[in-house]
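Hi everyone, thanks for making time for this. I'd like to walk you through one chain today, so let's put it up on the screen.

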Amino acid sequence: VSGKITYCGHEFQEFIPQRTSAYISQHDLHHGEMTVRETLDFSGRCLGVGTRYELLAELSRREKQAGIKPDPEIDAFMKATAMAGQNTSLVSDYVLKILGLDICSDIMVGDDMRRGISGGQKKRVTTGEMLVGPAKALFMDEISTGLDSSTTFQIVRFMKQMVHIMDVTMVISLLQPAPETYDLFDDIILLSEGKIVYQGPREHVLEFFESLGFKCPERKGIADFLQEVTSKKDQQQYWCRENEPYHYVSVSKFVEHFNSFHVGQKLDDELRIPYDKSRIHPAALVKEKYGISNWELFKACFAREWLLMKRNSFVYIFKTTQITIMSVIAFTVFFRTKMKAGHISNGTKFYGALFCSLINVMFNGMAELALTIFRLPVFFKQRDFLFYPAWAFALPIWVLRIPLSLLESGIWILLTYYTIGFAPSASRFFRQFLAFFGIHQMALSLFRFIAAVGRTQVVANTLGTFTLLVVFVLGGFVVAKDDIKSWMIWGYYISPMSYGQNAIVITEFLDKRWSTYHCSHLTPPQ
């Protein structure tokens, strides 16, 4: 492929194309736990206001110079739309109204496990998510997939209103649109065999094919006619020159004729003249990679993560209840009355109790695997569209899991430490608490990492099972460190479990009660 692509005369390295334009996929990827309004508000908050603030400042300056007093309501509206980093914005309300989503704005989007909005409304949310940003060129990829013709018509009608109200450009690819949907478009681009057969106003497309001898029947949809007229099998039925025998017109001939057709010539004349860069307004191209500052991005992602945690509160309540029940079972199995400290024979029981604690605290973080996998498709979409960098997604998750780790580790320690009969020392109690907190954080991070590498439930579960096998077997308890072969010792050192186990074992067995020596008094011979 040769040549270069320019936008307003600028090449792609001169600006950020992902934020100047927006690609709207046929796949509706959203967090099912968030409402329609929350989804658009988050998108608007991350994408920023673009150049609306600079334009408002310029307008205010010119009004002041000309002595014009602006209308209070219009002035208030413009100021409200130019404020960046707000939790909710007037632009979101505006887009909700235009797309007809105001009737379901406070309903959850929904997913496989939650009932939410309809398929057509989801498509509009996917579109609205990009419209609240500063992009002025939107590319929509087969947005009618899975929708009936009535819903497609409604969506495209909303799109047309938005194009003319907000002065944006939309390129929408559709397969076999209904006649009423087709009539909503201003221009048509007809592609066949990788070539542009026609590109121009909708009104002239039938005239172009009639000039070649093909006519659309009265009761035939124009969109269907356009798809069939370039096909070798279906072309003959549209031949209208009765005094001439039919001959197949190839795609190359269509393209050749289009270049000599008045629409093609006009297009060629426009493209022949290089675009004058000086005509473009500086605000038309986005030069910053992200819409808001790093701190604002962190705050926006933190607020969303906190919201998702509240909406998924059942998972965290269940996990806390689970570790509480498991700790009760653990201290009844290893009850202090059956375990005497200070003897080597009982040391193995304490070692077992510590290992049991380690496994329970570690496995309690396994829910993070499924939760992360559910979030990944939305994350990849929003990261690629430059909503936020990867760190802004990961950091709030880590920060918000710290109180959860403290709570779950605290419950385990409080219920098991003195009932099992570990070292009766406050310093060792808090050391073990700190060790379990670190182990829990490690487990959460490990399962998140496995989910990120696996990306799908099946691959992540397979990878997770294998990782846990290596971590457990080579952790130093199932197979002692001295029994691991030299060529496998790397497994012991990379197993995070070995470090956690060493920490809690050292904390317990370095207590003075395990250092008591019994030696008999020897009297010298007479």
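Let me start with a question for the room: how many salt bridges does a search of the whole structure find? The count is 23. Please keep in mind that we are looking at a predicted model, so everything I say describes that prediction.

Let me take a few of those pairs in turn. In one of them, the side chains of Arg37 and Asp106 come together, with 3.6 Å from N to O. This pair links distant parts of the chain: Arg37 belongs to helix α2, residues 36-47, while Asp106 is in the loop between α5 (90-98) and α6 (119-131), and the two are 69 residues apart. As for exposure, Arg37 is partly exposed at 26% relative accessibility, whereas Asp106 counts as exposed at 59%.

Another salt bridge is formed by Lys97 and Asp102, at 3.2 Å from N to O. Here Lys97 is the exposed partner, with 58% relative accessibility, and Asp102 is partly exposed at 34%.

Next, please look at Asp183 and Arg202, whose side chains form a salt bridge at 3.9 Å, N to O. Asp183 sits in the loop between α8 (179-182) and β6 (187-192), and Arg202 in the loop between β7 (195-201) and α9 (205-210), so this pair ties together parts that are 19 residues apart in sequence. Asp183 itself is partly exposed, at 40% relative accessible area. And there is a network to point out too: Glu305, Glu368, Arg375, Arg401 and Arg448 are joined by salt bridges that share partners.

Now let's step back to the whole chain. It holds 21 helices and seven strands. What is its radius of gyration, against that of a compact globule of 526 residues? The chain comes out at 33 Å, where such a globule would be near 24 Å. The C-alpha trace spans about 140 × 70 × 45 Å along its principal axes. Even so, 44% of the 526 residues are buried. Among contacts with a separation of 6 or more, 74% are between residues 24 or more positions apart. The accessible surface is about 29,100 Å², and carbon and sulfur atoms contribute 60% of that.

What does the record add? UniProt, in an unreviewed entry, gives the feature "transmembrane region" at residues 314-335, 350-373, 385-404, 433-452 and 458-480. I checked two of these spans against the model. Residues 433-452 are 100% helix and 0% strand, with the end C-alpha atoms 29 Å apart. For residues 385-404 the figures are 75% helix and 0% strand, and the end C-alpha atoms lie 31 Å apart.

The unreviewed UniProt entry also carries the annotation "domain: ABC transporter family G" over residues 176-227. That stretch is 31% helix and 25% strand, and its end C-alpha atoms are 8 Å apart.

On to the surface. Which residues make the nonpolar surface patch of about 540 Å²? They are Tyr23, Phe139, Val171, Ile189, Leu191 and Ile196. Tyr23 is in strand β3, residues 21-24, and is partly exposed with a relative accessible area of 37%.

For contrast, let's go to an aromatic on the inside. Phe261 lies in the loop between α11 (251-260) and α12 (262-272). Why does Phe261 count as buried? Its relative accessibility is 7%, and the cut-off for buried is under 20%. Leaving out residues up to four places away in sequence, Phe261 touches Tyr198, His204, Glu207, Phe208 and Ser211. With Tyr198, it is 63 residues apart along the chain, yet their C-alpha atoms are separated by 9.8 Å.

Last, two backbone details for those of you who like to check phi. Glu142 has a phi near 45°, a positive value in a residue other than glycine. You'll find Glu142 in the loop between β4 (137-141) and α7 (149-166), partly exposed at 26%. Glu193 also has a positive phi, near 50°. Glu193 is in the loop between β6 and β7 and is exposed, at 63% relative accessibility.

That's my tour, and I'm happy to rotate the view to anything you'd like to see again.

Methods. Residues numbered from 1 in each chain as written. Predicted model: local features only at pLDDT ≥ 70, side-chain atom pairs only at ≥ 80, totals over all residues. Heavy atoms only, no water. Patch = residues over 30% accessible without salt bridge, like charges linked within 9 Å, V, L, I, M, F, W, Y side chains within 5 Å. Areas by Shrake-Rupley, 256 points an atom, 1.4 Å probe, with all protein chains shown as cover. Salt bridge = Lys/Arg side-chain N within 4 Å of Asp/Glu carboxyl O. Helix = DSSP H or I, 4+ residues; strand = E, 2+ residues; numbered from the N terminus. Buried < 20%, exposed > 50% of the residue type's maximum accessible area, 1.4 Å probe, protein only. UniProt positions renumbered as here; feature names shortened; annotations may be inferred. Rg over C-alpha atoms; globule rule 2.2 N^0.38 Å. Contact = heavy atoms within 4.5 Å.
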